[in-house]
Amino acid sequence: RVIVEEYVKGSDFRLLIIDGKFVAAARREPAHVKGDGKSSIATLIDEVNKDPRRGFGHEKVLTQIEIDDMTERLLWQRGLSSLSVPLKGETIYLKTTANLSQGGTATDVTDEINPEIRLMAERTARIIGIDVVGVDVLADDISLPLDQSGLKVVEVNAAPGFRMHLEPTHGQPRNVATPLVDMLFPVG
């Protein structure tokens with residue numbers, strides 16, 4: 001048996017839908033460091049981990065970046081190790097996924113979402129039939145109409161995390177808890 005999947009490129013976005021309505025969006029980026037031309041990758045990771053917002057697991061809004069098998073494999077594929085010194089401004093990705101729980105970051109992009117993409121995410125949630133949905137997409141530009149954005153849905157998440165919206169690494173925090181409470185406990 002063979003499974004053939006389309007290769008999709010673009011940035012990773014989470015579109016949050018609560019009670020059938022779009023409430024927030026975040027661009028997620030895998031754990032990474034930026035080279036300064038002097039420090040090793042391990043030292044750069046230590047510097048990133050000094051951010052007081054980073055902790056272990058879900059204790060804080062961001063998670064510590066750990067050098068694990070995935071990190072070592074990604075570095076090895078590029079001919080690097082944790083002792084390598086990247087060029088100034090060079091981005092070194094340390095994980096294959098943009099999960100916050102693996103050291104990733106989130107930037108609020110709620111106000112950038114094209115109305116067609118908002119509608120698509122709301123329709124996706126209605127089709128799936130779940131009240132709280134994270135529609136995970138890859139897209140080149142989420143401000144463009146759907147047919148120009150390069151957008152592809154890669155997952156519909158039935159248990160989306162809220163911390164990327166409540167306290168994004170960059171951008172405006174969004175109160176996504178209120179729509180959830182309003183849905184669960186309607187007025188009257």
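The buried residues of helix H2 pack against helix H1 (41-49) and strand E6 (91-93), and that is a good place to start a tour of this predicted model. Residues are numbered from 1 along each chain as its sequence is written. Local features in this predicted model need pLDDT of at least 70, side-chain atom pairs count only at pLDDT 80 or more, and totals for chains, interfaces and linings use all residues, while side-chain values use heavy atoms, with hydrogens and water left out.

**Helix H2 and its neighbour H1**

Helix H2 spans residues 69-77, and its buried members are Met 70, Thr 71, Leu 74 and Leu 75. These four cover an arc of only 130 degrees around the axis, which puts them on the same side of H2; the arc is that of the directions from the helix axis to the C-beta atoms. An α-helix has 3.6 residues a turn, so residues three or four places apart point the same way. On the other side of H2, Asp 69, Trp 76 and Gln 77 are exposed. Here, buried means under 20% relative accessible area, exposed means over 50%, and partly exposed is in between (1.4 Å probe, protein chains only).

Helix H1 holds Asn 49. Is Asn 49 buried or exposed? Asn 49 counts as buried because its relative accessibility is 12%. Not counting residues up to four places away in sequence, Asn 49 touches Arg 54, Gln 64 and Ile 65; contact means heavy atoms within 4.5 Å.

**The whole protein**

Stepping back, the secondary structure comes to six helices and nine strands. Helices (H or I, at least four residues) and strands (E, at least two) are DSSP runs, numbered from the N terminus. The C-alpha atoms fill a box of roughly 60 × 40 × 35 Å, taken along the principal axes. The protein has 188 residues, of which 43% count as buried. Among contacts with a separation of 6 or more, 68% are between residues 24 or more positions apart.

**Salt bridges**

How many salt bridges does a search of the whole structure find? There are 11, each defined as a side-chain nitrogen of Lys or Arg within 4 Å of a carboxyl oxygen of Asp or Glu. Side chains of opposite charge can pair when their charged atoms come close. The table shows some of these pairs.

| Pair | Closest N to O |
|---|---|
| Asp 12 and Arg 28 | 2.8 Å |
| Asp 136 and Arg 28 | 3.5 Å |
| Asp 108 and Arg 174 | 2.9 Å |

Asp 108 and Arg 174 form a salt bridge that links distant parts of the chain: Asp 108 is in strand E7 (residues 105-108), and Arg 174 is in the loop between helix H5 (163-166) and helix H6 (177-184), 66 residues apart. Both Asp 108 and Arg 174 are buried. Elsewhere, salt bridges that share partners join Asp 12, Arg 14, Arg 28 and Asp 136 into one network.

Asp 12 forms a salt bridge with Arg 28; this pair brings together strand E1 (residues 11-18), home of Asp 12, and strand E2 (residues 21-29), home of Arg 28, with the two positions 16 residues apart in sequence numbering. Both Asp 12 and Arg 28 are buried. Arg 28 also meets Asp 136 in a salt bridge, and this pair links strand E2 with strand E8 (residues 132-139), with partners 108 residues apart. Asp 136 is buried, as is Arg 28.

**Val 153 on strand E9**

Val 153 lies in strand E9 (residues 152-157). Its relative accessible area is 40%, so Val 153 is partly exposed. Leaving aside neighbours within four places in sequence, Val 153 is in contact with Met 120, Val 135, Asp 136 and Val 137. Val 153 and Arg 14 are 139 residues apart along the chain, while their C-alpha atoms are separated by 9.9 Å.

**The largest pocket**

Rolling a probe the size of a water molecule over the atoms shows where empty space is left. On a 1 Å grid over the protein atoms alone, a pocket is an open set of points where a 1.4 Å probe fits, with protein on both sides within 12 Å along at least five of seven lines, and lining residues have an atom within 4 Å of a point. The largest pocket is lined by 23 residues, with Arg 14, Arg 28, Ala 98, Asn 99 and Leu 100 nearest its centre. E1, E2, E8, E9 and H5 each supply at least two residues of this lining.
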